[in-house]
Structure formats: C-alpha cells, structure tokens
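Let's take a walk through this protein together, from the overall fold down to a few side chains. Keep the viewer open as you read.

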Amino acid sequence: MRTKIATAAALLVLSAVFAQAYSPEEPAELTPPVFGAPDKREGPVPALEPVGEPDALEDEPGDHSAGEGATGVPPARASLADVSYGRAGLPSAVATARDALLAAARSGDIEALRPIFATQQVAPLVTPMDAVDDPVEHLRLQSGDPEGREILAIMVELLEAGHVAVDGRTTTYVWPYFAEVSLDDLQPAHEVELYRILTAIDVEEMERLGRYTFFRIGIAEDGRIRYFSAGEVE
C-alpha cells in the first residue's frame, strides 16, 4: 500500500496531540484469531434500501480528540476479544452494506460507490476535517492512481479484516479492528493481518504514535455507512 496515504494520515492526527494524563487498561490475555480465506458471496448483491437517520445521528466532521491522553492516544473502545470476521456478529443491514461495498470495490470502478452512497440522506464522511461536495470524487483524488483503484483495494482489504462493534451516538461496526483496539495488545497473528494493510514503515510510525491512523470504515447498525476515511472521525 502506498506509504504516502498513511503518512498523510499520520500527520493529520499529530496536530491533535494534547498534554493530558493517560493510563491504558491492563490488556487481557487473548487468543489470536483464526485466519481463513476471504468470505465469498453466492448470488447477486442485495440491493440497499434508502437509509434515513434522525438529526441527532448525522455525522459531521470536527474535533474528534476528546478523551485523548498525554500522548494524544484516545482510549481503546474495544479489545481483541471483541474481534469478529466476515459476517459473524453483523446485523442483517450491516452485512448487506458490507457486501455492497465489497462488490463495488471489486468491480474496479469507483463510480460503483455512488449509488450506494446515494441511498443515504447523509453521505459517508470521507475526511475527518472538512465536508466535501462529492465523496466519490474526493476518494478518487486520494488514490495513487487516476482511476481510484488503489482506494478500492484499500476498501477490500479493510472489509476482509476483522471488525469490532463500538457504542457511541449509535452502535457502529468498524473495520479494521486496529482502529479501535490498543496496538500494544496485538499478538503476532494480529500483526500479520496488520501488515496485509500497511508497510513495515507505516506500522513503525503508528506504533510510535500509539494509534492506528490509516483508513477505516464505519457502518451503523441500521446499515448506514458512516465513514470511509483516514484518521479519527468520531
């Protein structure tokens, strides 16, 4: 994966560092996940129904650094014991949204994301800082190639990694789980999965920062795609 995207994400989060005290919880003894081949779907991708949402749940970019400690590291909202793979533990609406994103990403056409985003009253966040008029075009411009296929490859890799459910304004299922668990807790098997997404240089930088800063995907329990962005978005 191209280092420049992760480096840009790391620079983004450095500006959010605050001088406050932070004491991480003692990590529990955990069993590494069982890895297998990516799940394969049979038949057509289910059509997404229009997703509405109350105003209180609308996602807006802004300051997402609340609760960070002295190193600027937000508290972990999940543990390795919470990690699931594939469709395991996903509500039906979340599994359908994930399937739709995977099918669009595997098509190689970034425009395939547009009708998926259009089913929502509020488009997914694709940047934690400023709202954009055209999320699909923004993602295309973030890619290392003019067609946006690098970004689509990132989406596939994230959605094939493990996920965790986190509570907030709404329960959100987050890919990859590295975005929500402490990097200090990773076992060798987890690190292998991390290296599928990032280069060794990227991993070293994130370990120095104490946080995962690359792309992540969040899907609300009602199937609404909340974000596909690098850096903290909530």
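The paragraphs below go from the fold to two buried side chains, then to salt bridges and cavities.

Please keep in mind that this is a predicted model. The chain has seven helices and four strands, and from start to end they follow the pattern α-α-α-α-α-β-β-α-α-β-β. Of the 234 residues in the chain, 49% are buried. The contact pattern is also worth a look: among contacts between residues at least 6 apart in sequence, 72% join residues at least 24 apart.

A good place to begin is His163, in the loop between helix 5 (149-160) and strand 1 (164-166). Is His163 buried or exposed? The cut-off for buried is under 20% relative accessible area. His163 has 2% relative accessibility, so it counts as buried. The side chain of His163 reaches the backbone oxygen of Ala88 at 3.1 Å. Beyond its neighbours within four places in sequence, His163 is in contact with a stretch that includes Asp82, Val83, Ser84, Tyr85 and Gly86. Further along the chain, the contacts of His163 include Tyr173, Val174, Trp175 and Tyr177.

Next, turn to Glu180, which sits in the loop between strand 2 (172-175) and helix 6 (188-197). This acidic residue counts as buried because its relative accessibility is 8%. What does the side chain of Glu180 make a polar contact with? The partner is the side chain of Arg77, at 2.9 Å. Leaving out residues up to four places away in sequence, Glu180 touches Ala76, Arg77 and Ala78, along with Val164, Val166, Val174 and Tyr227. Val174 belongs to the surroundings of Glu180, and Val174 is also among the contacts of His163.

Now for charged pairs. Side chains of opposite charge can pair when their charged atoms come close. How many salt bridges does the model contain? The count comes to nine.

Glu111 is a helpful one to follow, as it forms a salt bridge with Arg114, with the closest N and O atoms 2.7 Å apart, and another with Arg140, where the closest N and O atoms are 2.6 Å apart. The pair of Glu111 and Arg140 links distant parts of the chain: Glu111 lies in the loop between helix 2 (92-106) and helix 3 (113-118), while Arg140 is in helix 4 (residues 135-142), 29 residues apart. How accessible are these residues? Glu111 is partly exposed, at 29% relative accessibility, and Arg114 is partly exposed too, at 32%. Arg140, in contrast, has 19% relative accessibility and therefore counts as buried.

Another salt bridge is found in helix 7, between Glu205 and Arg208, whose closest N and O atoms are 2.6 Å apart. Because Glu205 and Arg208 are three residues apart in helix 7, about one helical turn separates them. Glu205 is partly exposed, at 26% relative accessibility, whereas Arg208 counts as exposed, at 56%. Returning to the Glu111 region, salt bridges that share partners join Glu111, Arg114, Asp134, Glu137 and Arg140 into one network.

Finally, consider the empty space inside the model. Rolling a probe the size of a water molecule over the atoms shows where empty space is left. Across the whole structure, two cavities of 30 Å³ or more are found.

The largest cavity holds about 40 Å³ of space. Which residues line the largest cavity? They are Leu183, Leu186, Leu194, Leu198, Val203, Met206, Glu207 and Tyr212. By class, this lining has seven nonpolar residues, no polar ones and one charged residue. Helix 7 (residues 200-209) gives the most to the lining, with three residues.

The second largest cavity also holds about 40 Å³ of space. Its lining is made up of Glu157, Ala161, Glu193, Arg196 and Ile197. Here the classes are two nonpolar, no polar and three charged residues. The biggest share of this second lining comes from helix 6, with three residues.

Methods. Residues numbered from 1 in each chain as written. Predicted model: local features only at pLDDT ≥ 70, side-chain atom pairs only at ≥ 80, totals over all residues. Heavy atoms only, no water. Helix = DSSP H or I, 4+ residues; strand = E, 2+ residues; numbered from the N terminus. Buried < 20%, exposed > 50% of the residue type's maximum accessible area, 1.4 Å probe, protein only. Polar contact = N/O pair within 3.5 Å; in protein donor to acceptor, adjacent residues only side chain to side chain. Contact = heavy atoms within 4.5 Å. 1 Å grid on protein atoms, 1.4 Å probe; cavity = no way out; pocket = protein on both sides within 12 Å on 5 of 7 lines; lining within 4 Å. Points joined across faces, edges and corners; volume = space filled by probe spheres on them. Nonpolar A, V, L, I, M, F, W, Y, C, P; charged D, E, K, R; others polar. Salt bridge = Lys/Arg side-chain N within 4 Å of Asp/Glu carboxyl O.
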